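Please open the model in a viewer and keep the sequence panel visible. The tour below proposes one selection after another and states what is found at each.

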Amino acid sequence: ITNPTAYNFHIQNAVLDIVNSDLFVATDGDDNNSGLTSAEPLQTIALALRLVESDSLNPKTVHVAAGVYDNHLNNQIYPLTLKSFTNLSGAEMETTFLQNDYINNMIYIDNVHNTVVENFTLHHPNQDRADFLGIMFSNKVTFRNFIGEDAVITGDDGICTVYFYPVDELLMENVTLRNNVGRVGAGLVCPRGNGTFRNCVFDNN
């Protein structure tokens, strides 16, 4: 386009209509539901995260009910990606499981700020690719009440279970990384950034 002012574009429909509200997800939900209440939940966490609006004045949360969220069991799509000023909250870390055996990152956050992920246990049954968390060029990111366990990383696509670069004002609170095996860093790799760790356990990695 040599002269942008000569064109007018009228966008009448969007692929996804952003929702200015908290959203709810459950393993027995349906992506045709509104997701606006726990009585009418969506099924896939990825869709809820795409739909929820990023609003600095009124941050939103995607609420995930207890259960196992898996590619095969209930059509989950990984990696999960978050927006700034949005949060992802499971029911409890002992009862809300994210499980993935296709893609290396399960949660990927890139160029995001002011977000919280809490109350999950992550499993990665694939014995070749892992990376529970990949966080890049972000700040004010919080992980709370979180377990990452039993990953085995042998392939070239995964080097560690949790990777931060660079991240400023990271907070990890009540986080456990245990029984993970990796080529470079089975527990945590953070070559650049700063953060606070409270009540965290790194065991047998």
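In which strand is the place of Glu149? Glu149 belongs to strand E9, which covers residues 133-149. The model on display is a predicted one, and this residue serves as the point of departure.

**Stop 1: Glu149 and its partners**

Select Glu149 and show its side chain. Glu149 counts as buried because its relative accessible area is 10%, under the 20% limit for that class. Next, add His123 and Arg178 to the selection. The side chain of Glu149 makes a polar contact of 3.2 Å with the side chain of His123, and another of 2.7 Å with the side chain of Arg178. To see the wider surroundings, display Thr121, Leu122, His123, His124, Phe132, Arg178 and Asn180, which are in contact with Glu149 when neighbours within four places in sequence are left aside.

**Stop 2: Thr121**

From that group, select Thr121, a residue of strand E8. Is Thr121 buried or exposed? Thr121 is buried, with a relative accessible area of 3%. A polar atom of the Thr121 side chain lies 2.6 Å from the backbone oxygen of Met93; the backbone of Met93 should therefore be shown as well as its side chain. Apart from neighbours within four places in sequence, Thr121 is in contact with Met93, Thr96, Phe97, Leu98, Ile147 and Glu149. The contact list of Thr121 thus leads back to Glu149 and onward to Leu98.

**Stop 3: Leu98 and the nonpolar core**

Select Leu98 next. Not counting residues up to four places away in sequence, Leu98 touches Ile45, Tyr69, Tyr78, Leu80, Met106, Ile107, Phe120, Thr121, Leu122 and His123. Leu98 is also one of the residues to examine in the largest nonpolar core, which has 40 residues. Within this core, Leu88, Leu98, Ile107 and Phe143 touch the most other members. Colour the contributing elements in turn: strand E1 (23-25), helix H1 (45-51), strand E2 (60-64), strand E7 (107-110), strand E8 (113-123), E9 and strand E10 (160-178) each supply at least two residues of the core. Which element provides the largest share of this core? The largest share comes from E10, with seven residues.

**Stop 4: a network of salt bridges**

Clear the core and select Glu118, Arg144, Glu173 and Arg198, which are linked in a network of salt bridges. In total, the model has five salt bridges.

Begin with Arg144 and Glu118, whose side chains meet in a salt bridge of 3.0 Å, N to O. This pair links distant parts of the chain, with Arg144 in strand E9 and Glu118 in strand E8, 26 residues apart. Arg144 counts as partly exposed, at 25% relative accessibility.

Proceed to Glu173, which forms a salt bridge with Arg144, the closest N and O atoms being 3.2 Å apart. Here too distant parts of the chain are linked: Glu173 is in strand E10 and Arg144 in strand E9, 29 residues apart. Glu173 is partly exposed, with a relative accessible area of 23%.

Complete the network with Arg198. The side chains of Arg198 and Glu173 meet in a salt bridge of 3.9 Å, N to O. Arg198 lies in strand E12 (residues 193-198) and Glu173 in strand E10, so this pair ties together parts that are 25 residues apart in sequence. Arg198 counts as partly exposed, at 44% relative accessibility.

**Stop 5: a nonpolar patch on the surface**

Switch to a surface representation and select Leu188, Phe197 and Phe202. These residues make a nonpolar surface patch of about 260 Å². Leu188 has its place in strand E11 (residues 185-189), and with a relative accessible area of 30% Leu188 is partly exposed.

**Stop 6: the whole chain**

Finally, display the full chain as a cartoon. How many helices and strands are there in the chain? The chain contains two helices and 13 strands. Of its 205 residues, 46% count as buried. The chain exposes about 10,200 Å², and carbon and sulfur atoms supply 47% of that area. Among the contacts with a separation of 6 or more, 77% are accounted for by residues 24 or more positions apart.

Methods: Residues numbered from 1 in each chain as written. Predicted model: local features only at pLDDT ≥ 70, side-chain atom pairs only at ≥ 80, totals over all residues. Heavy atoms only, no water. Patch = residues over 30% accessible without salt bridge, like charges linked within 9 Å, V, L, I, M, F, W, Y side chains within 5 Å. Areas by Shrake-Rupley, 256 points an atom, 1.4 Å probe, with all protein chains shown as cover. Salt bridge = Lys/Arg side-chain N within 4 Å of Asp/Glu carboxyl O. Helix = DSSP H or I, 4+ residues; strand = E, 2+ residues; numbered from the N terminus. Buried < 20%, exposed > 50% of the residue type's maximum accessible area, 1.4 Å probe, protein only. Contact = heavy atoms within 4.5 Å. Polar contact = N/O pair within 3.5 Å; in protein donor to acceptor, adjacent residues only side chain to side chain. Core = buried A, V, L, I, M, F, W, Y, C linked by side-chain atoms within 4.5 Å.
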